[in-house]
Protein chains: 2
Amino acid sequence: MARAATTTDAFNAVAEPRRRQILDLLAAGERPVNDLVEDLGLAQPLVSKHLRVLREVGLVQVRDEGRRRLYRLDARPLRSISEWLRPFEQAMSERFDLMDDVIQELKAQEDGR
Amino acid sequence: MARAATTTDAFNAVAEPRRRQILDLLAAGERPVNDLVEDLGLAQPLVSKHLRVLREVGLVQVRDEGRRRLYRLDARPLRSISEWLRPFEQAMSERFDLMDDVIQELKAQEDGR
DNA sequence: AAGTTACATGCCCACATGGGAATGTGTCAA
DNA sequence: TTGACACATTCCCATGTGGGCATGTAACTT
């Protein structure tokens with residue numbers, strides 16, 4: 001098997017920086033594709049493709065308004081990421097950084113370079 | 001360009017379910033590769049490859065002990081994900097789910113099917 | 001009806017992937 | 001020294017990718 005499809009879940013969909021940018025922009029509110037195209041400075045087909053991926057994992061919803069399509073954020077699928085991350089929250093804190101620095105030093109000495 | 005390398009950042013490294021499992025296991029403490037191989041039920045080379053990716057993005061650290069290599073979690077790179085996620089926290093909450101349901105209904109009526 | 005606008009979809013490519021299988025490397029044991 | 005053990009690396013393949021480009025489709029305008 002190759003790499004999992006980007007449409008597999010929120011983890012894979014959000015691994016792409018442009019798709020994260022799109023979600024950032026949509027956090028401000030509903031917007032048509034052209035707005036996103038301008039703000040991102042990307043080709044329109046590219047944006048449409050990214051939006052398709054986001055749609056397939058449920059991170060955005062669409063609404064037709066005349067010849068425009070308004071995209072809207074749906075952050076709920078991000079919860080799976082947030083929940084997976086929670087047990088690691090403590091280990092991410094600054095305090096543990098200091099511990100890690102000490103360990104790094106010990107390791108460096110151990111390597112004896 | 002193709003998809004970004006898995007070693008590009010924590011986002012891409014963590015998109016792979018097995019790598020998330022490995023981090024889950026390492027959250028309990030330092031462990032040799034063989035332990036992980038048994039717990040994951042994967043082929044040893046596969047585990048080594050995944051560990052390599054995690055190492056390259058700084059999510060794990062290694063320490064040699066005889067003929068074994070002890071891997072250790074370093075959760076710090078996860079912070080970039082956690083921080084990107086933070087602005088969406090509110091939008092993930094249950095309360096907004098209810099709002100979304102209402103919006104879904106309105107949208108369904110609007111579509112007039 | 002014809003043109004334009006706003007998107008979506010299709011085809012192409014270079015590229016990195018996850019897994020399988022085999023092999024390499026370093027450490028300990030007998 | 002020879003063998004077993006613990007890992008890492010290499011080669012292979014099928015697959016899905018992001019981007020560029022061209023085309024399709026629906027809605028609005030004139």
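In the predicted model, strand 2 (residues 60-65) and strand 3 (residues 68-73) of chain B are paired in the antiparallel sense through six bridges. Within this pairing, B:Arg63 has B:Leu70 of strand 3 of chain B as its bridge partner. Strand 2 and strand 3 of chain B make up a hairpin in which two residues separate the strands, and B:Gly66, which belongs to the turn, adopts a positive phi of about 60°.

A corresponding description can be given for chain A. Here strand 2 is joined by six bridges to strand 3 (residues 68-73) of chain A, and the two strands run antiparallel. Opposite A:Arg69 in strand 3 of chain A stands A:Asp64, while A:Leu70 in strand 3 of chain A is found opposite A:Arg63. Strand 2 and strand 3 of chain A likewise constitute a hairpin with two residues between them, and the turn contains A:Gly66, for which phi is positive at about 60°.

The hairpin of chain A belongs to an open sheet of three strands, arranged in the order 1-3-2 with antiparallel pairing. Strand 1 (31-32) and strand 2 (60-65) of chain A are the edge strands of this sheet, each of them pairing on one side only. Across strand 1, strand 2 and strand 3 of chain A lies helix 2 (residues 17-26) of chain A, which runs at about 90° to strand 3 of chain A. Chain A as a whole contains seven helices and three strands, and these elements follow one another along the sequence in the pattern α-α-β-α-α-β-β-α-α-α. Of its 113 residues, 40% count as buried. Among the contacts in chain A with a separation of 6 or more, 48% are accounted for by residues 24 or more positions apart.

Attention may next be turned to helix 5 in each chain. In helix 5 of chain A, the buried residues include A:Leu78, A:Ile81, A:Ser82, A:Trp84 and A:Leu85. Because these residues cover an arc of only 165° around the axis, they are placed on the same side of helix 5 of chain A. The buried residues of helix 5 of chain A pack against helix 1 (10-13) and helix 6 of chain A, and also against helix 2 (17-26), helix 5 and helix 6 of chain B. In helix 5 of chain B, B:Leu78, B:Ile81, B:Ser82, B:Trp84 and B:Leu85 are buried. The arc that they cover around the axis is only 165°, so they lie on the same side of helix 5 of chain B. Packing of the buried residues of helix 5 of chain B involves helix 1 and helix 6 (89-92) of chain B, together with helix 2, helix 5 (78-85) and helix 6 (89-92) of chain A.

Aromatic side chains were examined over all chains, and four aromatic pairs are present in the structure. One of these pairs is formed by B:Phe11 and B:Trp84 in an edge-to-face arrangement, with 6.1 Å from centre to centre and 80° between the planes. Because B:Phe11 lies in helix 1 (residues 10-13) of chain B and B:Trp84 in helix 5 (residues 78-85) of chain B, the pair ties together parts that are 73 residues apart in sequence. Both B:Phe11 and B:Trp84 are buried. B:Trp84 also forms an aromatic pair with B:Phe88, which is tilted, with 4.9 Å from centre to centre and 50° between the planes, and both B:Trp84 and B:Phe88 are buried. In chain A, ring pairs connect A:Phe11, A:Trp84 and A:Phe88 into a cluster.

The rings of A:Phe11 and B:Phe11 are each associated with an arginine from the other chain. A:Arg20 is positioned over the face of B:Phe11, at 3.7 Å from the ring centre, and the charged end of B:Arg20 is located over the ring of A:Phe11, 3.7 Å from the centre of that ring.

A further buried position occurs outside the helices and strands, in the loop between helix 1 and helix 2 of chain B, where B:Glu16 is found. With a relative accessible area of 16%, B:Glu16 is classed as buried, because the cut-off for this class is under 20%. The C-alpha atom of B:Glu16 is separated by 8.7 Å from that of B:Thr6, a residue 10 residues apart from B:Glu16 along the chain.

Conventions:
Residues are numbered from 1 along each chain as its sequence is written. Chains are lettered from A and ligands numbered from 1 in the order in which they are written. This is a predicted model: local features need pLDDT of at least 70, side-chain atom pairs count only at pLDDT 80 or more; totals for chains, interfaces and linings use all residues. Side-chain values use heavy atoms; hydrogens and water are left out. Rings of Phe, Tyr and Trp (its six-membered ring) pair if their centres lie within 6.5 Å; planes under 30 degrees apart count as stacked, over 60 as edge-to-face and the rest as tilted. Helices (H or I, at least four residues) and strands (E, at least two) are DSSP runs, numbered from the N terminus. Buried means under 20% relative accessible area, exposed over 50%, partly exposed in between (1.4 Å probe, protein chains only). A charge sits over a ring if NZ of Lys or CZ of Arg is within 6 Å of the ring centre and within 35 degrees of the ring normal. Two strands pair if DSSP finds at least two bridges between them. Contact means heavy atoms within 4.5 Å. Axes are lines fitted to C-alpha atoms, for helices over the stretch in contact, and angles run from 0 to 180 degrees between N-to-C directions. The arc is that of the directions from the helix axis to the C-beta atoms.
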